[in-house]
Amino acid sequence: MIRRLQYHEIDFEKYSNCLENSVQRKYSATKLFLDITSDKHWELLIYNDYEAVMPVPFVQKMGKKIVHNPMLCQQLGIFSKQDHIEINEAFLKYLTQNYLIRIYNFNEFNQFKTSLTTKKNFLIIPKDYKTVFSQYSPKRKRKLRLDDEVVKNSEIRKVNFIEVENFIRENFLGASKEADVASFMNIFKKMDINGCIEISAFFLKEKVINVIITYIDDCTVALLGTFNNKDFVKVSGASTLIDHSIQENISQRIFDFEGGEIPNVEEFFRGFRPELRPYPSISYSKKDLIKKMLSLKFIMKS
């Protein structure tokens, strides 16, 4: 039996226990990550007594709850001790029948009978760094061999958000609206305050030319963003920062590249020879949403 719980009704101890012991565990489904990225605008579907759980984030539009994965939250989906197709189908049916959906991404482990579209993601599973490095593409290895002059005048530093806030804002790509950039910046700031991200900067002659932001927990390092001064693209600071993070963490944590749909981004990620891990997704156009609202036979909780 699937039940729908609003945020204040969730037993977070049971939720966390289910998530942490699930075969599909994802950092992006943790309470901390969801609370920050969605501003606590999420509900929960549960199967029986938290045998399986499915977080459902939403935004408010025209007085309705519209399901939408939050910014920086790539995958959610169903979490349980074993991935059951029949149970997954039951969750999918409940979701599509009882919610207005703009976009909802499941996780790479969720399997369905229903045919769903898939998206690309890349990750490196934990192993010895030397093994990981040996599998990099020849091109990536060349880019990581910095010129002697660059080596003498550069360094990698861990910094806090305030130190590089202006640099990130000035070199932010991929957001079409200024309001979206502001939302991303607010999320990064909250994560920094909560101590769940690391921000690494590549300095050349004491000037920041590249920054990466990674979300880190016990099991995963997730690349949330790379920010680069395009005037120094030949220095390969971004590759160096990512390689440095992999070297620091890969023996005990998954390195999750968090993306791969954009061709040039996919090409860049593939240079590190990660594994392709596609995940299922459902989405509806704004036109489809309006049609569904007009024909809706149920009233959304608000």
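Helices (H or I, at least four residues) and strands (E, at least two) are DSSP runs, numbered from the N terminus. The model shown in these views is predicted.

**View 1. Lys40 sits in the loop between helix 2 and strand 2.**
Strand 2 spans residues 42-47. The phi of Lys40 is positive, about 65°, although Lys40 is not a glycine. Most residues other than glycine have a negative phi. Is Lys40 buried or exposed, or something in between? Its relative accessibility is 46%, so Lys40 counts as partly exposed.

**View 2. Ser236 also has a positive phi.**
Here phi is near 65°, in a residue other than glycine. Ser236 belongs to the loop between strand 12 and helix 9. Its relative accessible area is 9%, under the 20% cut-off. Ser236 is therefore buried.

**View 3. Helix 2 packs against helix 8.**
Helix 2 covers residues 31-38, and helix 8 covers residues 178-193. Their axes lie 9 Å apart, at an angle of about 145°. The crossing is right-handed. Which residues make the contact? Helix 2 supplies Phe33, Ile36 and Thr37. Helix 8 supplies Ile187, Lys190 and Met191. Of these contact residues, four are nonpolar, one is polar and one is charged.

**View 4. Seven strands form an open sheet.**
Read across the sheet, the strand order is 9-10-11-12-13-8-14. The pairing is mixed. Which strands are at the edges? They are strand 9 (154-159) and strand 14 (275-276), and each pairs on one side only. Helix 9 (residues 237-249) packs on this sheet. It touches strand 8, strand 9, strand 10 (197-204), strand 11 (207-216), strand 12 (220-228) and strand 13 (254-256). The direction of helix 9 makes about 35° with that of strand 11.

**View 5. Strand 8 pairs with strand 14.**
Strand 8 is residues 122-124. The two strands pair in the antiparallel sense, over two bridges. Find Leu123, then look across to strand 14: Glu275 stands opposite.

**View 6. Strand 6 has a partner in strand 4 and another in strand 15.**
With strand 4 (residues 64-68), strand 6 pairs in the parallel sense over three bridges. Ile66 stands opposite Leu100 of strand 6. With strand 15 (residues 279-283), the pairing is antiparallel, again over three bridges. Asn105 has Ser281 of strand 15 as its bridge partner. How many of the six residues of strand 6 are buried? Five are, and strand 6 (residues 100-105) is mostly covered.

**View 7. The largest nonpolar core has 61 residues.**
Which residues have the most contacts inside this core? They are Tyr15, Val211 and Leu224. Helix 8 gives the core its largest share, six residues. Apart from this core lies another, of 23 residues. Its members include Ile124, Leu241, Ile242 and Phe272. In soluble globular proteins, nonpolar side chains tend to be buried together.

**View 8. Tyr15 and the residues it touches.**
Leave aside residues up to four places away in sequence. Tyr15 then touches Ile10, Ala29, Lys31, Leu34 and Trp42. It also touches Leu44, Tyr50, Val53 and Pro55. Tyr15 is one of the residues with the most contacts inside the largest nonpolar core.

Conventions:
Residues numbered from 1 in each chain as written. Predicted model: local features only at pLDDT ≥ 70, side-chain atom pairs only at ≥ 80, totals over all residues. Heavy atoms only, no water. Axes fitted to C-alpha atoms, helices over the stretch in contact; angles between N-to-C directions. Left-handed = near helix turned anticlockwise from the far one by under 90°. Contact = heavy atoms within 4.5 Å. Nonpolar A, V, L, I, M, F, W, Y, C, P; charged D, E, K, R; others polar. Pairing = 2+ DSSP bridges. Core = buried A, V, L, I, M, F, W, Y, C linked by side-chain atoms within 4.5 Å. Buried < 20%, exposed > 50% of the residue type's maximum accessible area, 1.4 Å probe, protein only.
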